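Let's take a walk through this structure together, starting with its sheet and ending at its ligand. Please keep the 3D view open as you read.

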Amino acid sequence: MNIPISFEFFPPKTPEGTDKLRLTRQALYAHQPEFCSVTFGAGGSTQEGTFSTVKAIQEEGVAAACHFSCVGATRATVREQLAALQAMGIQRLVALRGDLPSGYGMGGEFVYASDLVAFIRQETGDAFHIEVAAYPEIHPQAKSAEADLQAFAAKVKAGANSAITQYFFNADAYFRFVDDVQRLGVDVPVVPGIMPITNSTQLMRFSDACGTEIPRWIRLRLQGFGDDTASIKRFGLDVMTDLCEQLCAAGVPGIHFYTMNQAAATTEIIRRLKRV
Ligand code: FAD
């Protein structure tokens, strides 16, 4: 596998989580990621943990990408956060709208991620490489599939350099998405996001929330394993390695792993891919 890879982490909430994530990063750095990204709680709820984690990655000599969500934010807060990231030497952002927890109004001065991308470009020029989110299986709040494609195109037009997809299990949805955005004249790398399968309850919960379809045969197999985590992990590795092989054979521009702050499954998928 000779394509760029990247790893995504979330900011830990405890000192033990921070130590564990440091070990996870050290294990994954062996695979020479192009960058490692850190998620950002919508509404700025994890700002401190996100910023300290990107800083730690940067100090470890690896390029860090800071996720940045704008829901509930104002121009003034975003300007301040961008300045703090520039002072840390961060050069890559994943610019998102984000989802506020239920009960919060949308508020803020930005409506869509495209507004944030345009603002970052206006404020900081080419200081940042900007990634945006892409949804091969269509964002759950999109008015229609076509409207979602147009929304993606708008983010690129506003200044995004590349995209990372929501995780998916249907490779055809990804291939179709890439064809469709090219038809719209959008020509930026769209890197597939890969979620290793290690826990079926969590996977089903996440997938329901973010609109990822778990194919029936995968769902039934996972349900059939019950609490047998060893079988879930074994099956998950086979399924995700097959998907990555299919994507690599089709010439994807990279692979972004949603590591869930764990090294083992991601490492094993990469090891298997190197064998082919
Ligand atoms: P947008 O691109 O703004 O799209 C949101 C919705 O609005 C879509 O349905 C779209 O079709 C619609 N839309 C956009 N523009 C228009 C328009 N002009 N007119 C009408 N409709 C429009 N969330 C976090 O909180 N923190 C994270 O760190 C985080 N990281 C992520 C990383 C990746 C790679 C991905 C794929 C998702 C991530 N998310 C994260 C989740 C993301 O914030 C949610 O999916 C959120 O609901 C949408 O964010 P977005 O940036 O894609 O929004």
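The paragraphs below go through the sheet, a helix that lies across two strands, and the surroundings of the ligand. Keep in mind that this is a predicted model.

A good place to begin is the open sheet, which has 9 strands paired in parallel. Reading across, you meet them in the order β7-β6-β5-β4-β3-β2-β1-β9-β8. At the edges sit β7 (190-191) and β8 (193-194), each of which pairs on one side only.

Now zoom in on β1, residues 5-9, and β2, residues 35-38: 4 bridges join these two strands in the parallel sense. If you look for F7, you will find that its bridge partner in β2 is C36. Lying across β1 and β2 is helix α1, residues 15-29, which runs at about 175 degrees to β1.

Next, turn to the ligand. Its shell holds 23 residues, and F40, D99, Y135, D148 and K155 are the closest. By class, that shell consists of 11 nonpolar, 7 polar and 5 charged residues. Both α5 (145-157) and β6 (162-165) supply at least two residues of the shell, with the largest share, 3 residues, coming from α5.

Which atoms does the ligand meet at F40? There, a polar backbone atom is 2.7 Å from a ligand nitrogen. D148 places a polar side-chain atom 2.5 Å from a ligand oxygen, while Y112 has a polar side-chain atom 3.5 Å from a nitrogen of the ligand. How much of the ligand does the protein bury? Of the 980 Å² that the ligand exposes when taken alone, 84% is buried by the protein.

Technical notes
Residues are numbered from 1 along each chain as its sequence is written. This is a predicted model: local features need pLDDT of at least 70, side-chain atom pairs count only at pLDDT 80 or more; totals for chains, interfaces and linings use all residues. Side-chain values use heavy atoms; hydrogens and water are left out. A residue is near a molecule or strand if one of its heavy atoms lies within 4 Å of it. A polar contact is a pair of N or O atoms within 3.5 Å; within protein, one must be able to donate a hydrogen and the other to accept it, and residues adjacent in sequence count only if both atoms are side-chain atoms. Accessible areas come from the Shrake-Rupley method with a 1.4 Å probe; for residues, only the protein chains shown count as cover. Ala, Val, Leu, Ile, Met, Phe, Trp, Tyr, Cys and Pro count as nonpolar, Asp, Glu, Lys and Arg as charged, and the others, Gly among them, as polar. Two strands pair if DSSP finds at least two bridges between them. Contact means heavy atoms within 4.5 Å. Axes are lines fitted to C-alpha atoms, for helices over the stretch in contact, and angles run from 0 to 180 degrees between N-to-C directions.
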